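This report considers the internal spaces, the domain division and the nonpolar packing of one protein chain. The sequence and the structure are shown first.

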Amino acid sequence: MRFNSTDTIAAIATAVAPGEGSVAIVRLSGPEAEAIASRLFVAPGQQPWESHRILYGHVVDPATGERIDEALLLLMRAPRSFTRQDVVEFHGHGGVVAVGRVLELVLAAGARRALPGEFSQRAFLNGRLDLTRAEAVSELITARSRRAAQLAMAGLDGGLQRQIGTLRARLLDQLAELEARVDFEEDLPSLDGAAVTAELAAIRATLLQLVDAAGQGAVLRQGLRVAIVGRPNVGKSSLLNRLSRRERAIVTDLPGTTRDLLESELVLGGVPLTLLDTAGIRDSGDPVEQLGIALSRQALASADVVLLLFDLSHGWCDEDQALRDQVPDGSALLLVGNKVDAAGLPCGLVVPPDGDRAPAQVRISARHGEGIDALEAALLRCCGAADLQGLQVALNERQRDLAAAAAAALGRSLEAAEQGLPWDFWTIDLRAAVRALGEITGEEVTEAVLDRVFSRFCIGK
Ligand SMILES: Nc1nc2c(ncn2[C@@H]2O[C@H](COP(=O)(O)OP(=O)(O)O)[C@@H](O)[C@H]2O)c(=O)[nH]1
Ligand SMILES: [Mg+2]
């Protein structure tokens, strides 16, 4: 445990930015929350100090009597709160100064600054949330697209917990049967080995499906970095502007116009994308352009998806091929022929065939908008993000590793079964699988794991 959960903790629960946010919330949780709040809050009239009622008043510095903010106070007594402890929220004005002073007063009155995720950690420890729901809260907050938020909500509704919990319960049933045979083989009816292995295989198959779908979930959650690369003047900046539907980048007919890496955020088919417009890659004597080109090469090497743009009015040339050869094997690649409007005769094969590794190709006009729909569809397809609508629940990275470990352990159990080994050989791996699934939902989890999970949360959550 990072810290004792009997401390009273406090944090600003809302985003803090100068001049922004009409409301800011300071939140306290712990046994002293109510006492601390009552020392700092002055409510006029006869307002009753009751749980789940809003009080109106002022936060006042008890040392000087100075009014710090006009605020609403919400008291939620245990166990009817997010953490199942006494919780107090001060709803004051946004910005940074007043809310910062309220927090300082609360700390001076005896609360401790909350660590990232500590409120959620308490909610988990007090049985308010299982681990998958707690993680879904964090995912909802960081969601960058509507689809990602929907996926997080499914997790928050317990979809993942139910699915993993059911698989774990089924494994426990099998484990109980097998373990009983280890100890009391003679006293029990004999076990149908084929039925057990069929059940284990079915559970393993479901786990493998979940592991598979986790990749799509990761795409929705984290989004993709898409680098637009190509020779100078092929229309990269025009394409960035076209896809972002605004004039983000400067476009001229002078080669070497873009010198810096430009980013533009957009959502395509529910997937958050960061588009990178890069300097055209060529030999250049200009030191500023050289720096830009170095950034382009980095983007080419590290993007999830590379849109390699070339000019159809010139056709595919050696420099294009040289760039194509630099795309790492692991990245998705889409070849985009631009300026189809100026290409004259529709040329058949512009790009030499690449055997089985032939990347997808589309033809567009970044200037006039032709082929952009097809490009967007191809972009989602080439990174495996085309069909995310059916995705109901998705494991995050931590959960995926555990599900994969459980599936591997079940694979070993099945092998032991196939080799006709005695029951106790099956049960070792079966128990490992049960443990891994329990770690997903938090039923079997160590403090170190909890600390790792919750420390990734934002402060105040
Ligand atoms: N005909 C035609 N010209 C284009 C198209 N896209 C871009 N251009 C022109 O090509 C030149 C270079 O465009 P720009 O986007 O700056 O290319 P970059 O250097 O690759 O970023 C500009 O004059 C653009 O107007 C297109 O689809 N068709
Ligand atoms: Mg440019």
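## Cavities and pockets

The structure holds three cavities of 30 Å³ or more. The model is a predicted one. The largest cavity encloses about 90 Å³ of space, and its lining consists of 13 residues, with Glu139, Gly155, Leu160, Arg221 and Ala394 nearest the centre. Helix 4 and helix 5 (146-156) each supply at least two residues of that lining; helix 4 gives the most, with four residues.

Open spaces are also present. The largest pocket has about 640 Å³ of space, whereas the volume of the second largest pocket is about 510 Å³. The table sets out the lining classes of these three spaces.

| Space | Nonpolar residues | Polar residues | Charged residues |
|---|---|---|---|
| Largest pocket | eight | five | nine |
| Second largest pocket | eight | 14 | eight |
| Largest cavity | six | four | three |

In the largest pocket, 22 residues form the lining, and those nearest the centre are Glu139, Gln222, Asn396, Glu397 and Arg456. At least two lining residues come from each of helix 4 (131-142), helix 7 (193-222), helix 12 (397-418) and helix 14 (447-455). Glu139 is thus named among the residues nearest the centre of the largest pocket and also among those nearest the centre of the largest cavity.

The second largest pocket is lined by 30 residues, and Asn233, Gly235, Ser238, Val251 and Thr252 are the closest to its centre. Helix 8 (residues 236-244) gives the most to this lining, with five residues.

## Helix 8 and the nonpolar cores

How many of the nine residues of helix 8 are buried? Eight of them are, and the helix is mostly covered. The buried residues are Lys236, Ser237, Ser238, Leu239, Leu240, Asn241, Leu243 and Ser244. They pack against strand 8 (224-230), strand 9 (262-268), strand 10 (271-277), strand 11 (305-311) and helix 11 (372-382). Arginine 245 follows helix 8 and has a positive phi, near 55°.

The largest nonpolar core contains 36 residues, and Leu239, Leu307 and Leu375 have the most contacts inside it. Elements that each supply at least two residues of this core include helix 7, helix 8 and strand 12 (332-338). Helix 11 gives the most, with five residues. The core draws at least three residues from each of domain 2 and domain 3. Leaving out residues up to four places away in sequence, leucine 375 touches Leu239, Leu243, Leu307, Leu334, Val336, Val362 and Ile364. A second, separate core has 33 residues, including Ala214, Leu414, Ala433 and Val434. In soluble globular proteins, nonpolar side chains tend to be buried together.

## Domains and arginine 168

The chain is divided into domain 1 (9-128), domain 2 (142-218 + 394-442) and domain 3 (224-303 + 305-382). The centres of domain 1 and domain 2, taken over C-alpha atoms, are separated by 42 Å.

Arginine 168 is placed in helix 6 (residues 159-184). Is this residue buried or exposed? Arginine 168 counts as buried because its relative accessible area is 12%, and the cut-off for burial is under 20%. Apart from neighbours within four places in sequence, arginine 168 is in contact with Val434, Leu437, Gly438, Glu443 and Glu444. Of these contacts, Val434 is also included in the second core.

Definitions and conventions. Residues numbered from 1 in each chain as written. Chains lettered and ligands numbered in written order. Predicted model: local features only at pLDDT ≥ 70, side-chain atom pairs only at ≥ 80, totals over all residues. Heavy atoms only, no water. 1 Å grid on protein atoms, 1.4 Å probe; cavity = no way out; pocket = protein on both sides within 12 Å on 5 of 7 lines; lining within 4 Å. Points joined across faces, edges and corners; volume = space filled by probe spheres on them. Nonpolar A, V, L, I, M, F, W, Y, C, P; charged D, E, K, R; others polar. Buried < 20%, exposed > 50% of the residue type's maximum accessible area, 1.4 Å probe, protein only. Contact = heavy atoms within 4.5 Å. Domains from an automatic or database assignment. Core = buried A, V, L, I, M, F, W, Y, C linked by side-chain atoms within 4.5 Å.
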